[in-house]
Amino acid sequence: MNRTETQARVGELAFAKWVGAVDRDFQRGLDRFRRVPAASNKLVDYATWVMAATGIVVFGLLPYLFGSGTVLTAGDALTIGLFAMSINLLVGTTGLVTFGHAAFYGIGAFAVTIAINDHGWPPLAALAFAPVAGAVAAFLSGFIVLRGRELYFGLLTLGVGQLLWASAHGWESLTGGDNGLTFLTASPYPGFVKTTNDSYWFTYIVVLLAVAVLYVITRSPFGDALRGIRENRRRAEFTGLWVKRYEITALTLAGAFAGIAGGLFAMFESHASQDQLYWTTSAQGLIAALIGGIGSFLGPMAGGFFYWFLQDFVVSKTRLWDLVIGLVVLLVALVMPGGLTGFLRFLAATVLAPFERVFRRTSEPAAPAPAEAEASEEVVHLPDMAAIGERPVHEAKPALNGPPILEMKGLSKRFGGLVAVDDVSFEVMPGTVHAIIGPNGAGKTTLFNLITGLIPSDTGSVFFEGHDITHFAPWRLIKRGMGRSFQQTNLFWALSSFNNTLLAAASVKDATRKMWGGHSDDLREGALAQLKRVGLEDFADVPASELSHGDQRSLELAAALAVDARLILLDEFTAGLSPPETRAAVALVERIARTRGLTVLFIEHDMAVVFGFADRITVLHRGRVLADGPPAEIRANPEVQLAYLGETEEAS
Amino acid sequence: MLLGTSGAIYGIQILSGLGSAAGLFLVASGLTLIFGALRVINFAHGSLYMIGAYLAITFSGKIGFGNYTFFATVLVASILVALIGLAAEVTVFRRIYQRTVLTQLIVTFAFVLIIGGAMRQVYGTQAKLTGTPPFLKGGVHLFGGSSVPDFSIYQIFLIALAGVVAIALWAILYKTNLGRDIRAAVSDPELLSYSGVNVRILFTGVFMLGCFFAGLAGATYGQQGGVDLTIDVQVILRAFVIIVIGGLGSLRGALVASILVGVVEALGTLWVPKASLVIVFAVLVAVLAVRPQGLFGTRTA
């Protein structure tokens, strides 16, 4: 590498650092911004509240403060802001990147216009019809668009949105085709709205109400479930969330809010046009959301204002609006991933940092800084069983005679020419610790995936506590009392440890269907108890992504347990742990299993763990059950030694 | 006679559909190539296509529509578009490969706005008309009963060009070392970089190649008859539909889907003149409802 190249590289690295490294996620990018000047989140939160409140008051008094001239722009900005917020419910909260949301915005606009023009509805009833129309359209589209994930979802929404636009465009008798629809009545507003200022206030109040409702939904347990889905779809399914149903609910809600926004826009402009359904309107809403900040609640609204007022200003001076907004978008996307609100929070945090210490000293003792967690990479967090009042009882005798808790009958799975799992039948007895071993490629993880419904089996069936659960979706199994951890750690990364367990505890009880208020105290206490059980109570507020690998495994166990599992499936629970961490983890699982009468079915490569821990062992080899019995029997089995143990001993 | 005539109408429509399918494939091939290697959906691909069309018109306005100058014009325009692609890749695009889908879509959309705005400043909003080089004038009579030729030479030329591009791309991807590297980069760029390949330059090269095809499509299919400043969005929507139906990143899929979309849209104009676009998107939604990963796509894409 020559000198200039090195310089370029250093410059690039510095640039990357400045940007906040390559962010995988806007939320995380925003978090990075937040963390820069110490952990002054609480103060910054107050500052954010003050800024938001100021904004709300200023725009309420806008006609008085800046005269009626700004009202026309501000009214449009309010509606595009609400539209951007409805997009953000999908993009920012749920992680669904939609590119066709304008369809529901436009449908709301036409719903109001058609209800008033063709059916003579009173204005308020017509406006109330807008969210209904938007929601119904969004709900129906969900059955198509939710078949795709990520990029395909985005492109499907684009396709469905354009289909709706093209339909509106072609259906001239209803929508007026290219000309759109203009209100036939003198005013689309109720009688008490007389002046332009009145219509602005009408818009303002309806938007404020809608935003308040949206706020309650976003902060509710339901909102937590959506954030869980955003962070880790698979984990969400394995905490008992019927993900599709939550996604379609979010889509419907977003459609309703877009519908109100579109209806208000049509009333304010006295006109509904098919342009409102066009994909560039979706892009406009996304741009507003992005500029304002996707990681914060009011960000998209701020972005809507910024977009509309900047447009007003630029268009009045030049013809370069496209160029200007394009450059602004580039700048925000590359340099300020948190958007305007992220930047404001960053500013506030920087300005408030000196006051942070004063604030801390007078109020509360400092919580353990996340830095400590990083430093303690090798420290093993063992729970203190006595402290949490769960005395280890004498080893509960495994019920070897009763009905099995889990029973597999002739399970088979074929991938093309490879038979991954071949006619596997065995039983797991309640209260036992049951190991599955076998060389790589023996079909162990595939077997787990068949049991937990991640992939459908070709033949055979699975019974859990006597019920046939073959082909059950994961969330249904979780609700019946099964928990699972994965070979690769699988958590809600940006959520705190506490929220990881809380979400698991809440979703399995369907408490996440609640769209208002918070989680009940019972649930919160239960989630904290689960954290204590695995020794992570001091790290309750630390995001899962910042825990050490060993603690992440413990947290995954806590989340798997929080669903009140009676049977838990652990896939290479000790993978990637250091020897002391492995010992601690095994001791932890064993204690929990013995004290709670939990049945454990685990895949493991470490023979010391297997033989020191398991009551019973099933050996898989090339997809078939080679042996099944107590450890001593397995150890003595010559076939197993030949096929498996001998192999590993030679290898290691 | 009546049946014969309507049969001929369908035949003519299908042929003209194949003509636009060829043009659409030229656009979609570059788009799907870029997505396949870089995992970025480039909204600005249609804008690069538009630049290609305008550049071709500017040059031929200067040097005229001769048989040889036509090829020179097309080549120069395509290369210039590839160079514009180089500049965009080095300054912005390479910074978004690892970003979220949202950032990628919005950033490339920002380029649509910037390029559209810049083009309006340079060329104005008036549509530009073009001529046709002598050897591409006229048409052939495949179906009797009309004095007007029913299949233009230009369309035959486009179909031939699309064929050449398809074969060339296939040869590059599957018969050369470069193609092997590109295919390796698709599955694991990090691993490829450990085996001594400069992935950054490879990506820049792939991006330029994709842009070259965008320019080529613009200079041939795009400038046909005349251009205005809306062709970027018109063509990118169809190109999206094509690469999504075909399966993102699949060249074969792009070819099949181009024919499907070209012919369906041509026949659609015959059946329901107002709703041909509805039909295109309906085909998209129908295909994806059955195969969410597209015709030739893989689920992991």
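In this predicted model, helix H19 of chain A, spanning residues 444-451, lies across three strands of chain A, namely E3, E4 and E6. The helix runs at about 65° to E4(A). These strands belong to an open sheet of four strands in chain A, and a reader tracing the sheet from one side to the other meets them in the order E4-E3-E6-E7, with antiparallel pairing. Strand E4 (418-428) and strand E7 (467-468) of chain A form the edges, each pairing on one side only.

Within the sheet, strand E3 (residues 406-415) and strand E6 (residues 459-464) of chain A run antiparallel and are joined by five bridges. A handy place to look is Met408(A), whose bridge partner in E6(A) is Val462(A).

Stepping back to the whole of chain A, the chain has 27 helices and 12 strands. Its length is 652 residues, of which 50% count as buried. Among the contacts in chain A between residues at least 6 apart in sequence, 76% join residues at least 24 apart.

Chain A also meets a partner: 38 of its residues are in contact with 34 residues of chain B. On the chain B side, the elements that give two or more residues are helix H4 (101-123), helix H9 (231-246) and helix H11 (276-290). The largest share, 14 residues, comes from H4(B). Sorted by class, the side of chain B that touches chain A has 27 nonpolar residues, along with five polar and two charged ones.

Terms used: Residues are numbered from 1 along each chain as its sequence is written. Chains are lettered from A and ligands numbered from 1 in the order in which they are written. This is a predicted model: local features need pLDDT of at least 70, side-chain atom pairs count only at pLDDT 80 or more; totals for chains, interfaces and linings use all residues. A residue is buried if 20 or more other C-beta atoms lie within 10 Å of its own, exposed if 12 or fewer, and partly exposed in between; C-beta atoms are placed from the backbone. Two residues are in contact if their C-beta atoms, placed from the backbone, lie within 7 Å. Ala, Val, Leu, Ile, Met, Phe, Trp, Tyr, Cys and Pro count as nonpolar, Asp, Glu, Lys and Arg as charged, and the others, Gly among them, as polar. Two strands pair if DSSP finds at least two bridges between them. Axes are lines fitted to C-alpha atoms, for helices over the stretch in contact, and angles run from 0 to 180 degrees between N-to-C directions.
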